[in-house]
Amino acid sequence: MTELGQAYITSTGTFLPGQPVDNESIEQKLGYVHGKPSKLKKRILSSNGILTRHYALDDKQRSTHQNRDLAVAAARECLNTSEVDDKSIDLLAVASTQGDLPLPGLASLVQAQLAIGPLEILTTHGVCSASMMALKSAFNQLRVGEKKNALVVASEMASRLLKKSRYEAVNNLRIDLESEFLRWMLSDGAGAFLLQDKPRWRGISLRIDWIEIISFASHYDLCMSCGTNDQSLWSKDLDQTERNIDFSWQDYASYADAEANGALLIRQNLKLLEDVVKVGVDGFLKLINDGKINPSEIDHFVCHYSSHHFKGRILDLLKLAGALIPEEKWFTNLYTKGNTGCASIFIALDELFKSGNLKPGQTVFCVVPESGRFANAYMRLTVVGGRDGGAF
Amino acid sequence: MVALSEKEMTLGPKAQETLRHLLRVWLDFERKLQSIPILRRLDQRTFTPEDYRVLLLNMRPQVIEGSRWISRAASSFTAEYSDIRSMILRHAVDEHRDYTMLENDFLSIGGNLEEIQKAKRNIGTEALAGYLMNEATKPNPINLLGAMFIIEGLGNKMASSWACAIQECLSISDKSTTFLSYHGENDETHMQKLYDLLDDKSIAHDAADDIVKTAKVVARLYLLQLEEFDNT
């Protein structure tokens, strides 16, 4: 086997639409469902700790952008601070929970608007770890020498699922924690990375040491989904014959029926969230045991979860097992930029990359737990200095 | 949640490594527990009084066997391991009459004493008890710390939540779940002793692999015991 090359994140970008929306104005922005204030909002907001976020919506819940626009704006910022021309980009990978159109893939729309290529494209679809899937694919293409400059974009426009009209369209609406939880959790935004087969000439780059993605979908039921009004119908333990006929939004006679039946609400099974943390911890312990990461060598820990999700016995046990990453190493901008699904990890790394706090030789460890159906992504980065010999 | 002592905050690197391996065995075990039909029903709150009866009937033989292998293990330690022997003996004293709690729980839900006392080992319990007794008979069976990690872990991490769920499903009080409640409250102390032992240099260095392997076997056989309820 020929020796594999390296891949480096050499430039980053973020785009967040509109002004930051604080907790007081969030419901005004998304709209009062049937004119009434939410009873669960306060409780959910205090548990996620988010203070401000962005939505691509105007005050009447009309979209101000397409998802594609968010992706392109982040990509532009990333390219503007890079050392390469548009025409050198040979791969465009775009990740999102939901593109603008059911087809074609979001990468096609983003490429068209960026006006780059001809080049290879990749669209990944999933939930929070979709961006890491796109990143890993680009990383490997660079490592095998097939590509030199890959643009990887993660973009989310969750507000389309969260505006009041989505809830009002449901017949006999009964809003419970499962169907409302994500309304106060998710928001819009995009992040972009440029991956190159060599570090920047000037300034720092992030060498990707490895990316591991581990899915446990065969072990757990749906935890976060959109497209069914009953997540339990998708249980791994349910016999095919026990399932209702109308169980995917596409199986209804009309899309209007699907919406009226609540199949298009975004849902979170809160009971399973603790298991998401456990599965994440299990993967982390595996990586330590495999020698891929040593908790004591981590200088910056970027996790799509906030530290307050790790509590109780699991925290004690991690501490005891020497696998706890001290609070001061955690980096997050979740509280001010919001939870932007698969874009969150890119948006956090973008801020860290530009913070001036990264020094050559440092280790950055990233974790993206995806609750959708238990797919967790892990990545180790090493900060490297510019090829000109200066660190900055 | 019990605060961890200073000593445990600073386990040696080898003990930490062993604990990380044990934690992964535990997390895998916990995942598989969720697929056990009776526990799944408990989780989904479709657990019935009959389920609880069956649970108690199947637990008793294991609990009886448990006190036997622990006592046997204690007697298999030579003088150089007298600390462990004392610890295990104390543990055996703590738990060797546990089955009376089970019996009382069974009676409190309308069961009859003779029935539970006659309950036979299911084929999973046979396998688990046979394996543990065999290991306990070997000289200085330090590997059984792995067994304790799983079995005490069940008490420590699961018993309380099971007790609460059972009370909720069956509308019964904590007086009918004394066995599970006791373990939920007391196994934390047992776990702490176990961590101390893991950190003992003579143990941690020489027996780490065996401890982890034993934890895996016990986890697998414990699942088998739960899968084979009433298969006697």
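**Exercises on strand β4(A) and helix α10(B)**

Strand β4(A) and strand β6 (residues 149-156) of chain A pair in the parallel sense over five bridges; strands pair if DSSP finds at least two bridges between them. The model is predicted: local features need pLDDT of at least 70, side-chain atom pairs count only at pLDDT 80 or more, and totals for chains, interfaces and linings use all residues. Residues are numbered from 1 along each chain as its sequence is written, with chains lettered from A and ligands numbered from 1 in the order in which they are written.

**Exercise 1.** Identify the bridge partners of A:Ala93 in β5(A) and in β6(A).

*Solution.* Six bridges join β4(A) to strand β5 (residues 120-125) of chain A, and these strands run parallel. Within β5(A), A:Ala93 is partnered by A:Leu122. The chain passes from β4(A) through helix α4 (residues 106-114) to β5(A) in a right-handed β-α-β crossover (clockwise from the first strand over the helix to the second, with the strands pointing away from the viewer). Within β6(A), the partner is A:Val152.

**Exercise 2.** Determine which residues cover each face of β4(A).

*Solution.* A:Leu91, A:Ala93 and A:Ala95 are buried on one side, and A:Leu92, A:Val94 and A:Ser96 on the other. Buried denotes 20 or more other C-beta atoms within 10 Å of the residue's own, placed from the backbone; exposed, 12 or fewer; partly exposed, in between.

**Exercise 3.** Compare the expected and actual spans of α10(B), then locate its kink.

*Solution.* At 1.5 Å a residue (times one less than the number of residues), the 22 residues 178-199 should span 32 Å; the end C-alpha atoms are 32 Å apart, which agrees. A kink of about 40° is centred on B:Asn186, the bend being the angle between axes fitted to the seven residues ending there and the seven starting there.

Methods: Helices (H or I, at least four residues) and strands (E, at least two) are DSSP runs, numbered from the N terminus.
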